[in-house]
Amino acid sequence: MPYFIIILGTAGSGKSTLAGSLLNYLESHNLDAAVINLDPAVEKLPYDPDIDVRDYIDVGELMVKQGLGPNGALVASMDLLALKISDLKEEVESLRPNYFIIDTPGQMELFAFRETGPILLNAITGDSRRVSLFLVDGLQAVNPNNLLSSLFLSASVHARLTFPQVNVITKIDLIPEEELNKILGYFEDPYALADALTSSSYLIWSRDEVELLLEKLMMFDVVKVSNTTGEGFDDLYAIAQRVLAGGEDYYTEESNPVL
Ligand SMILES: Nc1nc2c(ncn2[C@@H]2O[C@H](COP(=O)(O)OP(=O)(O)OP(=O)(O)O)[C@@H](O)[C@H]2O)c(=O)[nH]1
Ligand SMILES: [Mg+2]
């Protein structure tokens, strides 16, 4: 059975670029991989998708016909896709790669707050082993308050999907080394992040509660990558493979962050 690597994250965090880079990485290691594009609104992709939801739905047409804005049309198109899931599933089952990489839309509402995203992903992946990669835009994570928001969002996605999940900090080629070390330091010592947050970001919590919260939010493994230079892909592959081989029981075992 193929393994599924699902790439999630905020708009522009590097999902599609990472899907392409990961495909190249796997193929260059003689592993057979296929990419599923689940973003109906994308115009240009940095890879050639093996399966493409744009063959199933037309967001532009939905916007015109139903008078919807871009976000509403995206949500509506995923609902429509859910109705065509058996065709999509058939297409997925017709391919037999070692790995499926799933590129998703940056509209996080689909996966953090709505049922359609999880329904679609569960249907596509079936009984296969899967891992979610939650992308955190490294340029945004330089700001501790942004990093906190990303960690909350990552936890929301995990609460909805309940797949094993790894946080991936992207665009590290654009981050000065000193700033990058600070971000990585936060994952080794959540108290350092608690210190760095401006107090306005946790008005309703005491310092003790913030520390406890951060410890929980940082329980996912974290990897840093550059989609441009390829740095970090050995670590990303190693950790994804470890999670996939460990299956859904992964969190019952002790996990060590790869930094
Ligand atoms: N320097 C650098 N740029 C990156 C990296 N990853 C992505 N980018 C750039 O960031 C921009 C957004 O990347 P995408 O891969 O389209 O991001 P996305 O998450 O798929 O975006 P949406 O699908 O619109 O949500 C593009 O200009 C990429 O070239 C990286 O690791 N380093
Ligand atoms: Mg994209």
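**Arg 130, a helix, a sheet and some pairs**

Student: Which residue's side chain makes a polar contact with the side chain of Arg 130?
Tutor: A polar contact here is a pair of N or O atoms within 3.5 Å; within protein, one atom must be able to donate a hydrogen and the other to accept it, and residues adjacent in sequence count only if both atoms are side-chain atoms. In this predicted model, the side chain of Arg 130 makes such a contact at 2.9 Å, and the partner is the side chain of Thr 125.

Student: What kind of model is this?
Tutor: Residues are numbered from 1 along each chain as its sequence is written, chains are lettered from A and ligands numbered from 1 in the order in which they are written, and side-chain values use heavy atoms, with hydrogens and water left out. Local features need pLDDT of at least 70, side-chain atom pairs count only at pLDDT 80 or more, and totals for chains, interfaces and linings use all residues, this being a predicted model.

Student: Is Arg 130 buried or exposed?
Tutor: Buried means under 20% relative accessible area, exposed means over 50%, and partly exposed is in between (1.4 Å probe, protein chains only). Arg 130 has a relative accessible area of 12%, so it counts as buried.

Student: Which residue's backbone oxygen does the Arg 130 side chain reach?
Tutor: Arg 130 sits in strand S5 (residues 130–137); helices (H or I, at least four residues) and strands (E, at least two) are DSSP runs, numbered from the N terminus. The residue in question comes just after helix H6 and takes a positive phi of about 55°. At 3.5 Å, the Arg 130 side chain reaches the backbone oxygen of Gly 126.

Student: How many of the ten residues of H6 are buried?
Tutor: H6 covers residues 116–125 and is largely enclosed by the rest of the structure. Its buried residues are Thr 116, Gly 117, Pro 118, Leu 120, Leu 121, Ile 124 and Thr 125. Out of ten, the buried count is seven.

Student: Moving to strand S2, which residues point the other way from Ala 33, Val 35 and Asn 37?
Tutor: In a regular strand the side chains alternate between the two faces of the sheet. S2 (residues 33–37) is mostly covered, with five of its five residues buried. Opposite to Ala 33, Val 35 and Asn 37 point Ala 34 and Ile 36.

Student: Which residue in S4 is the bridge partner of Val 35?
Tutor: Two strands pair if DSSP finds at least two bridges between them. S2 and S4 (residues 99–103) run parallel and are joined by five bridges. In S4, Val 35 is partnered by Ile 101.

Student: And which residue in S3 stands opposite Asn 37?
Tutor: S3 (residues 51–52) also runs parallel to S2, with two bridges joining them. Opposite Asn 37 stands Asp 52.

Student: How many aromatic pairs does the rule give?
Tutor: Rings of Phe, Tyr and Trp (its six-membered ring) pair if their centres lie within 6.5 Å; planes under 30 degrees apart count as stacked, over 60 as edge-to-face and the rest as tilted. The count of aromatic pairs comes to six.

Student: What sort of pair do Tyr 25 and Phe 233 make?
Tutor: Their ring centres are 6.1 Å apart and their planes are at 40°, so the pair is tilted. The pair links distant parts of the chain, 208 residues apart: Tyr 25 is in helix H1 (residues 15–28) and Phe 233 in helix H12 (residues 233–246). Tyr 25 is buried at 13% relative accessible area, and Phe 233 is buried at 3%. To come back to your point, the type of pair is tilted.

Student: Which residue forms a salt bridge with Glu 93?
Tutor: A salt bridge is a side-chain nitrogen of Lys or Arg within 4 Å of a carboxyl oxygen of Asp or Glu. The partner lies in helix H4 (residues 85–94) along with Glu 93, four residues apart, about one turn of the helix. With the closest N and O atoms 3.7 Å apart, that partner is Lys 89.

Student: Which residue meets Lys 171 in a salt bridge?
Tutor: The side chains meet at 3.1 Å, N to O, and the partner is Asp 137. That pair links distant parts of the chain, with Lys 171 in the loop between strand S6 (165–170) and helix H9 (177–188), and its partner in S5, 34 residues apart. Lys 171 counts as partly exposed at 21%, whereas the buried partner, at 10%, is Asp 137.
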